[in-house]
Amino acid sequence: MNTPSQEVIERLQLQLRGEVILPDDPGYDEARTIWNAMIDKRPAVIARCSGVADVMRSVEIAKEQNLLLSVRSGGHNIAGNALCDGGLAIDLSGMKSVHIDPHARRAYIEPGATLGDFDHEAQAFGLATSLGINSTTGVAGLTLGGGFGWLTRKYGMTVDNLVSVEIVTADGQRLWANAEQNADLFWAVCGGGGNFGIVTLFDFKLHPVGPDVMSGLVVYPFEQAKSVLNHYREYVKSIPDDLSVWAVLRKAPPLPFLPQEVHGTEVVIFAFMHAGDIEEGKRLVEPLRHFGKPVGEHIGVNPFTAWQQAFDPLLTLGARNYWKSHNFAELSDGAIDTVIEYVGKLPSPQCEIFIALLGGEANRVAADATAYAHRDVNFVLNVHGRWDEADQDEACVSWSRDFFDAATPYAMGGVYVNFMTEEETDRIGSAYGPNYDRLAEVKQKYDPDNLFHLNQNIKPGG
Ligand SMILES: Cc1cc2nc3c(=O)[nH]c(=O)nc-3n(C[C@H](O)[C@H](O)[C@H](O)COP(=O)(O)OP(=O)(O)OC[C@H]3O[C@@H](n4cnc5c(N)ncnc54)[C@H](O)[C@@H]3O)c2cc1C
């Protein structure tokens, strides 16, 4: 692959409406900063696109010049493929518009918008769609991998709510893709990641949510972990789709409702949101408070937008992060014991293991209906290694990997593509599952030369 020549850089500068950022420019380091501080890549040029025309020009030039090409939207992906070394980084972070049509209950979202940008606009009309749990995450990357959060059990995966996309393919052309037009391409972008082109507009259906929701946290001491997790796995079998409850095991952050002596000790946190009637939500979460003897709880009626930001302080940009993830059909005794063993030896105060609850509407869709295939998964478990200093890399990465290996016998084998690290190319088959061959055919049709390969890559033709 070629490095952009001076002539290519000048063409970009002439032809783009947006900013073209070079290594000597004052904004360069800020522009190459993404969420995971372990990623330190240096693109030869960053094209901060202002609109579809800029994206089309940039793709054309990358293709013609055989440039290494990366695509960045929210910049949250753990693997750091939003950037490249020595190539052209297409940066969509400035394309942030979110247009809501409250009558049609539709949202038209540009790829640089974050979940917070979307919630701000949609909640002005009491509307939402199924997205993730951290407001600084990009709508684009999250959607393209499948997407799940508090509303998934009620309204399905993020891709189940996607109606249509505008996409620039490897030949620099702008296409619309939906169930009628370029249906093969639309199927592929609904879980096939950034393999097929650059999405420049997402069209979602919306649902009435909030503006207030019943949500909160119930916190148990680590000594009760085995018993409360046993209760949890039974409890979630019968809760309705309106309710989602996730479990997080970590050292307690200094939450104001926790006694000071609990801060910094290992705890089990059940975090929940009920997307329906408030009183019904209160009734439904009551058993959660009696799994054992909690050390604290914060249960209440919160604005949906506030709950969507509740975990932001624990997930700020700038820390070093290493993740490993497994899909589970059920939480077996072995899985629970392994979680407890590794939470007993957390290598940093920010490391955690979380268990996201899926199921509900997400599992009522056929595995081949969208590229996202994991319709039999009930829990996504993520080991989230997180720390501040480079000299802790070895300890935190090893802890994450060791936990992952120890938990493997109890897992399903599949993995959520959006939680994969850069080095996990051996898990690509597990990520796309039974849909891989069909995805490879679509890749062959729309990107035969694999221009878009900085991602969890699907090889053209298989
Ligand atoms: C703190 C945190 C919380 C998270 N919470 C959740 C959650 O609750 N639910 C969930 O499902 N996931 C969650 N994730 C994972 C998240 O879905 C992925 O990190 C996702 O890739 C982020 O998208 P982005 O646009 O911010 O990332 P980026 O790093 O900008 O993009 C990721 C990749 O997607 C591709 N891409 C990006 N934009 C485009 C585009 N417009 N067109 C084509 N390809 C594109 C590129 O290959 C790029 O490398 C979380 C991640 C973090 C770091």
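# A tour from a strand pair to the ligand

Begin by selecting Asp-101 and Arg-106, since in strand S6 the bridge partner of Asp-101 is Arg-106. What is on screen is a predicted model, and the tour moves outward from this pair.

**The antiparallel sheet**

Extend the selection to S5 and to strand S6, residues 106–109, which pair in the antiparallel sense over four bridges. In the loop between these two strands, S5 and S6, select Arg-105, whose phi is near 55 degrees, a positive value in a residue other than glycine. Next add helix H4, residues 115–122, which packs on the sheet and touches S5 and S6, its direction making about 30 degrees with that of S5.

Now display the whole sheet, in which five strands follow one another in the order S5-S6-S10-S8-S9, with antiparallel pairing and an open arrangement. Its edge strands are S5 (98–101) and S9 (174–178), each of which pairs on one side only. From one strand to the next, the twist averages 15 degrees. Helix H3 also packs on this sheet, where it touches strand S8 (162–168), S9 and S10, and the direction of H3 makes about 50 degrees with that of S8.

**The mixed sheet**

Select next the four strands that form an open sheet of mixed pairing, in the order S1-S2-S4-S3. Strand S1 (19–21) and strand S3 stand at the edges with a single partner strand each, so one side of each is left without a neighbour in the sheet. Neighbouring strands here are turned against each other by 20 degrees on average, with direction ignored.

Within this sheet, look at strand S2 (residues 45–48) and strand S4 (residues 88–91), which run parallel and are joined by four bridges; to find one position along the pair, select Val-45, which stands opposite Leu-88 in S4. Helix H3, spanning residues 52–65, packs on this sheet too, touching S2, S3 and S4, and its direction makes about 165 degrees with that of S4.

**The ligand**

Turn now to the ligand and show the residues around it: there are 34, of which Ser-73, Gly-75, Asn-77, Phe-148 and Tyr-416 come nearest. Which elements each supply at least two residues of this shell? They are strand S3 (69–72), helix H5 (139–145) and strand S10 (198–205), and the largest share, four residues, comes from H5. Coloured by residue class, the shell divides into 17 nonpolar residues, 16 polar residues and one charged residue.

Several distances to oxygen atoms of the ligand can then be displayed one after another. For Tyr-416, choose the side chain, a polar atom of which lies 2.6 Å from a ligand oxygen atom. For Gly-141, choose the backbone, where a polar atom is 3.0 Å from an oxygen atom of the ligand. For His-76, choose the backbone again, where an N or O atom lies 3.1 Å from a ligand oxygen atom. With these contacts on screen, switch to a surface view of the ligand: on its own the ligand has 960 Å² of accessible area, and the protein covers 96% of it.

**A cis peptide bond**

Move along the chain to the loop between strand S11 (207–208) and strand S12 (212–221), where Pro-211 lies. Select Gly-210 together with Pro-211, as the peptide bond from the former to the latter is cis, with omega near 10 degrees.

**Lys-251**

End the tour at Lys-251, which is placed in strand S13, residues 243–251. To relate this stop to an earlier one, draw a C-alpha to C-alpha line from Lys-251 to Leu-88: the two residues are 163 residues apart in sequence and 40 Å apart in space. Which residues is Lys-251 in contact with, leaving aside its neighbours within four places in sequence? They are Gly-264, Thr-265, Glu-266, Val-267, Leu-346 and Pro-349. From this group keep Glu-266 selected, and show its side chain with that of Lys-251, since a polar contact of 3.1 Å joins the two side chains.

Terms used. Residues numbered from 1 in each chain as written. Predicted model: local features only at pLDDT ≥ 70, side-chain atom pairs only at ≥ 80, totals over all residues. Heavy atoms only, no water. Near = heavy atom within 4 Å. Polar contact = N/O pair within 3.5 Å; in protein donor to acceptor, adjacent residues only side chain to side chain. Areas by Shrake-Rupley, 256 points an atom, 1.4 Å probe, with all protein chains shown as cover. Nonpolar A, V, L, I, M, F, W, Y, C, P; charged D, E, K, R; others polar. Pairing = 2+ DSSP bridges. Axes fitted to C-alpha atoms, helices over the stretch in contact; angles between N-to-C directions. Contact = heavy atoms within 4.5 Å.
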